[in-house]
Structures are given as C-alpha cells and as structure tokens.
Amino acid sequence: MESKNLWAPWRIKYIQKLGRESGECFICQRVAESEDDDKNLVLWRTDKGIVILNLFPYNNGHLLIAPLRHIAELEEATEMEMLEMLKLVRESQKALTATIKPQGFNIGINIGRVAGAGLPGHLHFHLVPRWEGDTNFINVCSDTDVISQSLTELLGQLRKVSKEQNLPQL
Ligand SMILES: [Zn+2]
C-alpha cells in the first residue's frame with residue numbers, strides 16, 4: 001500500500017519550542033487567562049473542562065479537549081472529569097459538523113512524549129476533522145499568518161453555532 005505524508009510545516013515552530021518552555025503548561029495558562037479567551041482561541045469552558053483550538057493544527061478544526069486540572073493520566077481523572085471530557089468531545093464534534101462539515105474524525109489521546117504528546121503533563125483529547133483527500137492539499141497551506149487568520153474565523157463560526165444549537169459556551 002502506498003504511504004502518504006501529512007504535511008504540517010507550521011508545527012516546526014511548536015516543536016522547536018518544546019525544549020525551551022518545558023516548565024510551562026499552555027492549557028493551564030489558558031484556563032487561568034479567562035479574560036484572553038479570544039486571543040487564546042478558547043472555544044468553551046465548563047465546570048470541569050476546556051475546549052481550545054489547536055494553534056498548530058494537523059487539520060482545519062483540530063480541537064483540544066482537556067480537564068481544567070493539570071493531570072497527566074486518565075487514572076488521575078475523576079469520574080466526573082472523564083464524563084465531562086467525553087461529553088465535550090461529543091459536543092465539539094457537533095459544532096464542527098455544523099460549521100465545516102467534516103466527513104470523518106480522528107479522536108485520541110497521546111500519553112507520554114514517546115507517544116507523541118507535545119504536552120505530556122496535561123491530559124487532553126485531540127479531535128481532528130478529516131476529509132477525503134485532506135492529506136494531499138495541506139502541504140500548500142503553510143503560511144502561518146493564513147492559518148491564524150482562519151483559526152480566528154473558525155472560532156467565530158463555532159461560537160455562533162454553539163449559541164444556535166445550545167452547545168456549551170464560555
Ligand atoms: Zn496544565
């Protein structure tokens with residue numbers, strides 16, 4: 001079978017930062033900076049969880065769903081946090097379906113740096129929308145300014161649909 005690469009050249013900025021800022025947790029930072037939700041691309045906050053647009057997405061609409069508490073492992077999560085995260089995954093999927101109409105989704109958690117976790121200290125789900133052929137055209141969309149622009153636009157669309165469809169909000 002022919003193997004295909006998923007090109008995400010904007011991720012290099014993120015990868016280069018990993019070593020330098022290992023003491024910081026960007027999820028905790030976003031949880032704390034509630035007045036900066038627009039700048040921080042925070043979509044929703046609930047009692048126990050937060051949903052953020054991934055600044056370095058694998059695909060358009062790539063969301064991160066995390067508990068508010070800085071915990072690394074599923075076994076550290078309470079029953080309520082587990083339920084909340086999965087509910088937020090479900091509601092996020094609804095919001096994405098209503099806005100950018102993905103044809104499929106990848107949902108997953110990377111536990112540990114070796115498994116690909118960029119932020120191993122703070123548990124989070126990845127929700128990545130997929131479209132037929134999406135691994136073939138992404139490589140042309142590598143300009144960072146274009147990406148951040150579309151993230152802001154996407155955040156606006158997702159917030160609008162959250163209101164309309166009674167989904168979680170800030
Ligand atoms: Zn954290």
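This is a dialogue about reading a zinc site, a strand and a cavity in a predicted model.

Trainee: Which residues are the protein donors of the zinc ion, and how far from it do they lie?

Mentor: To read a metal site, begin with the atoms that face the metal. In this predicted model, the zinc ion has as its protein donors the SG atoms of Cys25 and Cys28 together with the ND1 atoms of His70 and His122, and these lie 2.0 to 2.3 Å from the ion.

Trainee: What arrangement do the 4 donor atoms around the zinc ion make?

Mentor: The angles decide this, and four donors count as tetrahedral if all angles lie between 85 and 135 degrees. Here the 4 donor atoms subtend angles of 106 to 115 degrees around the zinc ion, and therefore the arrangement is tetrahedral.

Trainee: What spacing do the donors of the zinc ion follow along the chain?

Mentor: Their spacing reads C-x2-C-x41-H-x51-H. Cys25 and His122 are a pair that links distant parts of the chain, being 97 residues apart: Cys25 sits in the loop between helix H1 (11-20) and helix H2 (26-32), while His122 sits in the loop between strand S4 (104-108) and strand S5 (125-130).

Trainee: Does one call Cys25 buried or exposed, and is His122 buried or exposed?

Mentor: The general idea is a cut-off, since buried means under 20% relative accessible area. Cys25 has 13% relative accessibility and so counts as buried, and His122, at 0%, counts as buried too.

Trainee: How many residues of strand S3 are buried, and which of them lie on each side?

Mentor: For a strand, look at each face in turn. Strand S3 (residues 63-67) is mostly covered, with 5 of its 5 residues buried; Leu63, Ile65 and Pro67 lie on one side, Leu64 and Ala66 lie on the other, and both faces are covered.

Trainee: Which strands are joined to S3 by bridges?

Mentor: Strand S2 (residues 49-53) runs antiparallel to S3 and is joined to it by 5 bridges, and Leu64 in S3 is the bridge partner of Ile52. S3 and S5 also run antiparallel, with 3 bridges joining them, and here Ile65 stands opposite Phe125 in S5.

Trainee: How much space lies in the largest cavity, and which residues line it?

Mentor: A cavity can be read by its volume and then by its lining. The count comes to 1 cavity of 30 Å³ or more, and the largest cavity holds about 40 Å³ of space. Its lining includes Ala72, Ile109, Leu119 and Pro120, and also the zinc donor His122. The lining residues divide into 7 nonpolar and 4 polar, with no charged residue.

Terms used: Residues numbered from 1 in each chain as written. Predicted model: local features only at pLDDT ≥ 70, side-chain atom pairs only at ≥ 80, totals over all residues. Heavy atoms only, no water. Donors = N, O, S within 2.8 Å, 3.2 Å for Na, K, Ca; no water. Tetrahedral: all angles 85-135°; square planar, octahedral: opposite > 155°, others 65-115°. Helix = DSSP H or I, 4+ residues; strand = E, 2+ residues; numbered from the N terminus. Buried < 20%, exposed > 50% of the residue type's maximum accessible area, 1.4 Å probe, protein only. Pairing = 2+ DSSP bridges. 1 Å grid on protein atoms, 1.4 Å probe; cavity = no way out; pocket = protein on both sides within 12 Å on 5 of 7 lines; lining within 4 Å. Points joined across faces, edges and corners; volume = space filled by probe spheres on them. Nonpolar A, V, L, I, M, F, W, Y, C, P; charged D, E, K, R; others polar.
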